[in-house]
Amino acid sequence: MKITSILFITLQLLAGWQANAQHKDALNARFNTMTRETSPEKNVAAIAALIKAFKLDTIKDAGDIDIMKGITALTFLKVKDFPHFEVYISQIKNPFNQTSYLNMAVNELINNKTSLTYAELTAKKTVDLYHSFKDDPSARPADFPLQDWNRFMSMAQYPYYRSYAEILHINKKDTIALDYIEKAFSYLPLDKTDQSSAELYAALLEANHREDDAYDILLNSASTGNASLQMQQQLRRLLIKRTGNAVQVTHFLDSLQRNIVQAYKQELMNKMIKDIAAPGFTLTNTEGERISLADIKGKVVVLDFWATWCAPCKAAMPAMEQLKHTHPELCLLYVATMEKGADAISRINQYLKKHMHPTSTLIDVPVAGHPDRFTTAGAYHVKSIPCRAVIDKKGKLRFLSEGYTSDTALINEMEAMIDIAKEQ
């Protein structure tokens with residue numbers, strides 16, 4: 001989540017006023033290694049090793065030691081060793097650092113949909129601890145400028161309240177959840193926040209019988225192309241409740257979508273690839289069928305390059321599946337690529353069986369003698385995944401789109417690219 005990233009950057013800034021500058025890059029690299037570590041015991045050992053290797057002082061370098069304790073606490077959390085998680089959280093000296101790592105823990109549990117009662121207790125603890133020190137001058141590190149400290153304290157209000165509101169909503173405590181999401185917006189206005197927070201707010205408003213307020217947020221988000229799939233469904237439901245006419249609602253929402261796609265098209269026309277033939281390929285899908293690009297000429301084709309280890313790839317799939325449903329005339333082909341090891345095909349099949357989408361996928365082939373390179377991804381110059389290639393009816397490659405930010409942004413962009421490809 002963006003909230004977690006902001007907090008971690010803030011933690012590094014807090015440590016930066018105290019750490020020895022000549023060791024900072026090397027120390028940050030070791031922090032990153034600890035973050036990727038899955039064994040709590042190894043991170044416990046790493047704390048002692050790093051304190052010794054970098055000659056860290058428990059007072060002067062307290063910010064860096066806090067980061068190590070926080071990372072280790074989260075490692076215990078991930079294996080559900082909550083007692084040791086709390087031990088290492090309690091050893092963090094700076095209260096701002098402590099609340100930051102508590103909030104990261106809440107988000108970890110929410111994202112993994114696990115131990116949700118404990119997540120709520122931890123979120124409550126985060127908020128209570130924040131309240132205990134936010135106006136306390138002694139909480140500020142001596143070398144930390146007052147103006148920056150006040151800014152960080154104000155910034156912290158949003159993620160702590162927002163996380164607490166989310167877990168309360170998950171645990172069906174919507175009245176108090178609404179109170180906390182509105183407290184969060186007292187610092188960061190709704191129009192400056194992210195899509196997931198607007199989605200949560202709209203859901204809480206409806207749950208608390210404030211449907212008109214929810215409707216205003218949803219309609220504004222849909223009109224500007226910022227409504228998530230869940231927000232679009234909620235808006236449709238509220239509109240049908242208001243009008244009693246599902247057909248009329250469909251026409252209205254479709255007109256909003258057309259306006260958004262038209263704006264995207266104007267922007268994307270200048271980015272369209274000119275007169276380059278899409279590289280040919282013949283790949284085997286998970287059913288054992290051989291699929292060639294030449295066999296599907298005459299259709300607009302979208303190649304979605306993904307991998308089982310790629311979280312953004314998997315997060316984008318529901319939106320891509322909706323696009324497939326909306327455009328039955330489209331040939332959407334998922335291409336599993338950058339899957340290394342002898343068990344790659346088995347790993348792909350297990351993922352498809354567990355998640356039921358995509359229903360079929362092509363298997364990219366490693367380049368002979370170069371197991372880290374893949375033929376089709378290489379031919380399309382795929383630098384990172386997820387990546388979508390859009391091919392027009394004449395077999396020309398028109399767009400390459402990398403990354404994933406939200407379902408809405410992906411669908412709007414892809415709708416515009418498909419429309420442009422159809423017109424070529």
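This passage describes salt bridges in a predicted model. Residues are numbered from 1 along each chain as its sequence is written, and side-chain values use heavy atoms, with hydrogens and water left out. In this predicted model, local features need pLDDT of at least 70 and side-chain atom pairs count only at pLDDT 80 or more, whereas totals for chains, interfaces and linings use all residues.

A search of the whole structure yields 19 salt bridges, a salt bridge being a side-chain nitrogen of Lys or Arg within 4 Å of a carboxyl oxygen of Asp or Glu. One of these pairs is formed by Arg-242 and Asp-212, with the closest N and O atoms 3.0 Å apart. Because Arg-242 belongs to helix H12 (residues 229-243) and Asp-212 to helix H11 (residues 211-223), this pair ties together parts that are 30 residues apart in sequence; helices are DSSP runs of H or I with at least four residues, numbered from the N terminus.

The relative accessible area of the paired residues was also computed, with buried meaning under 20%, exposed over 50% and partly exposed in between (1.4 Å probe, protein chains only). Arg-242 counts as partly exposed at 45% relative accessibility. In the salt bridge between Arg-347 and Asp-343, the closest N and O atoms lie 2.7 Å apart; Arg-347 is partly exposed at 26%, and Asp-343 is partly exposed at 44%. Arg-398 pairs with Asp-392 in a salt bridge whose closest N and O atoms are 2.9 Å apart, and both Arg-398 and Asp-392 are buried.

Salt bridges also link Glu-182, Arg-210 and Asp-213 in a network.

Definitions and conventions
Helices (H or I, at least four residues) and strands (E, at least two) are DSSP runs, numbered from the N terminus.
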